[in-house]
Protein chains: 2
Amino acid sequence: MSGFGETIRNRREELQKQNPQFSLRAVAGRVPLEPSYLSRIERGLEAPPSEQTIRRLAEILEFDSDALLALAGKVSADLADIIRKRPVLFGQLIRELKHLPDQAVLRLVREIRDGNW
Amino acid sequence: MSGFGETIRNRREELQKQNPQFSLRAVAGRVPLEPSYLSRIERGLEAPPSEQTIRRLAEILEFDSDALLALAGKVSADLADIIRKRPVLFGQLIRELKHLPDQAVLRLVREIRDGNW
DNA sequence: TGGAGTGTGCAGTATACACTACACACATGA
DNA sequence: TCATGTGTGTAGTGTATACTGCACACTCCA
């Protein structure tokens with residue numbers, strides 16, 4: 001599994017091919033961040049930045065923010081909030097779902113969305 | 001909703017009634033922690049301690065650790081790990097479950113446990 | 001050939017986190 | 001009365017987090 005830095009560097013360079021507004025400096029400027037800091041992050045010399053900064057990067061690089069946060073070893077604060085409101089219940093559920101295949105979880109999501117619960 | 005400090009103080013004092021081994025000093029000694037630190041935490045003068053320390057307190061005070069962590073504004077690291085392995089999938093699911101009543105979530109837990117998925 | 005743009009190296013900083021250490025005041029019982 | 005146990009107040013500490021700031025080397029092209 002590739003790391004956080006590697007992922008955003010690859011994604012940025014991919015976008016940069018089509019559009020010069022995706023140079024390291026340009027992206028850093030939009031976040032905003034110091035270019036040298038972003039550089040160190042992309043090369044994995046520095047730990048991933050804060051959740052807010054990761055969200056901003058995900059926005060700019062058009063990347064799923066939950067996925068990017070996960071690569072940074074974090075869980076989105078809004079999800080954590082949902083769990084914290086019913087910790088025992090959600091604790092049970094999530095531990096139960098741990099070994100359930102993607103397909104089954106996805107089916108669950110759809111059934112809940114369709115109001116079958 | 002009562003805070004973290006208040007909760008552990010109440011719980012500790014309740015146990016202390018039956019057993020002198022639940023004085024602030026004795027509990028602090030078992031964790032182990034400096035008594036003054038635990039005192040400040042119980043009175044809400046200090047932020048809740050680390051996840052490890054909260055788990056230890058939950059163990060000593062026979063309190064659900066997920067619930068205690070939630071009062072401290074935290075989500076158990078093992079749950080976070082599960083989510084981080086499939087961030088998009090679990091993100092969808094949890095946001096979908098946000099407004100589902102306890103009863104429905106509980107039924108879900110049981111159905112999954114019974115292998116109906 | 002020099003000005004603009006590329007990424008990088010190195011140093012420094014403010015704030016929060018998670019505590020320890022120790023002195024103090026009060027109560028109780030022997 | 002004094003040793004023991006109760007909780008508390010104040011100060012200090014080491015480490016991590018999340019960055020900034022600026023100088024530097026390289027490339028490109030006008």
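Reader: Which residue has an N or O atom in its side chain 3.1 Å from a phosphate oxygen of DNA strand C?

Author: Keep in mind that this is a predicted model. Around DNA strand C there are 20 residues, and the closest include Arg9(A) and Arg25(A). Gln16(A) also puts a side-chain N or O atom by a phosphate oxygen of this strand, but at 3.3 Å. The 3.1 Å contact is made by the side chain of Ser23(A).

Reader: And how far is the side chain of Arg40(A) from a base nitrogen of DNA strand C?

Author: Bases do come into play on this strand: of its atoms within 4 Å of the protein, 49% are sugar or phosphate and the rest belong to bases. One contact of that base kind pairs an N or O atom in the side chain of Arg40(A) with a base nitrogen, and the distance is 2.8 Å.

Reader: Which helix gives the most to the surface near DNA strand C?

Author: Both chains take part here. At least two residues each come from α1 (4-18), α2 (24-30) and α3 of chain A, and also from α3 of chain B. By class, that surface holds 5 nonpolar, 7 polar and 8 charged residues. The top contributor, with 4 residues, is α3(A).

Reader: Over to the other strand, then. Which residues are the closest to DNA strand D?

Author: DNA strand D has 21 residues around it. They split into 5 nonpolar, 7 polar and 9 charged. The closest ones are Leu24(B), Arg25(B), Ser36(B), Ser39(B) and Arg43(B).

Reader: What lies 2.7 Å from a phosphate oxygen of DNA strand D?

Author: Side chains of chain A reach this strand too. Ser50(A) has a polar side-chain atom 2.8 Å from a phosphate oxygen, and Tyr37(A) has one 3.5 Å from a sugar or linking oxygen. The 2.7 Å contact, though, uses a backbone N or O atom, and that atom belongs to Leu24(B).

Reader: How many residues does α3(B) bring to the surface near DNA strand D?

Author: The elements with at least two residues each are α3 (35-42) of chain A and, from chain B, α1 (4-18), α2 (24-30) and α3 (35-42). On the DNA side, 48% of the strand's atoms within 4 Å of the protein belong to sugar or phosphate, with bases making up the rest. The largest share of the protein surface comes from α3(B), and that share is 4 residues.

Reader: What rotation superposes chain A on chain B?

Author: The superposition has an RMSD of 0.0 Å and 0.0 Å of shift along the axis. That is the relation of a two-fold axis. The rotation is 180°.

Reader: Which residue of chain A comes closest to that rotation axis?

Author: Going by C-alpha positions in chain A, the closest approach to the axis is 4.2 Å. The residue there is Ala80(A).

Reader: How far apart are the centres of domain 1 and domain 2 of chain A?

Author: The domain assignment sets domain 1 at 4-71 and domain 2 at 86-113. Taken over C-alpha atoms, their centres are separated by 31 Å.

Reader: Now the largest pocket: which element gives the most to its lining?

Author: The pocket has a volume of about 210 Å³. Two elements give two or more residues to the lining: α6 (77-85) of chain A and α5 (65-71) of chain B. Among the lining residues are Arg84(A), Lys85(A), Ala67(B) and Leu71(B). With 3 residues, the biggest contributor is α5(B).

Reader: How does that lining divide by class?

Author: Both chains supply lining residues, including Pro87(A), Met1(B), Ser2(B) and Gly3(B). The count comes to 5 nonpolar, 2 polar and 2 charged.

Reader: Any backbone oddities? Which residue does a cis peptide bond join to Val31(A)?

Author: Most peptide bonds are trans. Here omega is about -5°, and chain B has a cis bond from Val31(B) to Pro32(B), also with omega near -5°. In chain A the bond leads into the loop between α2 and α3, and the residue is Pro32(A).

Reader: Where is Glu62(A), the residue with phi near 50°?

Author: Most residues other than glycine have a negative phi. Glu62(A) has a positive value, near 50°. Its place is the loop between α4 (51-60) and α5 (65-71) of chain A.

Definitions and conventions
Residues numbered from 1 in each chain as written. Chains lettered and ligands numbered in written order. Predicted model: local features only at pLDDT ≥ 70, side-chain atom pairs only at ≥ 80, totals over all residues. Heavy atoms only, no water. Near = heavy atom within 4 Å. Polar contact = N/O pair within 3.5 Å; in protein donor to acceptor, adjacent residues only side chain to side chain. Nonpolar A, V, L, I, M, F, W, Y, C, P; charged D, E, K, R; others polar. Domains from an automatic or database assignment. 1 Å grid on protein atoms, 1.4 Å probe; cavity = no way out; pocket = protein on both sides within 12 Å on 5 of 7 lines; lining within 4 Å. Points joined across faces, edges and corners; volume = space filled by probe spheres on them. Least-squares fit on C-alpha atoms with pLDDT ≥ 70 in both.
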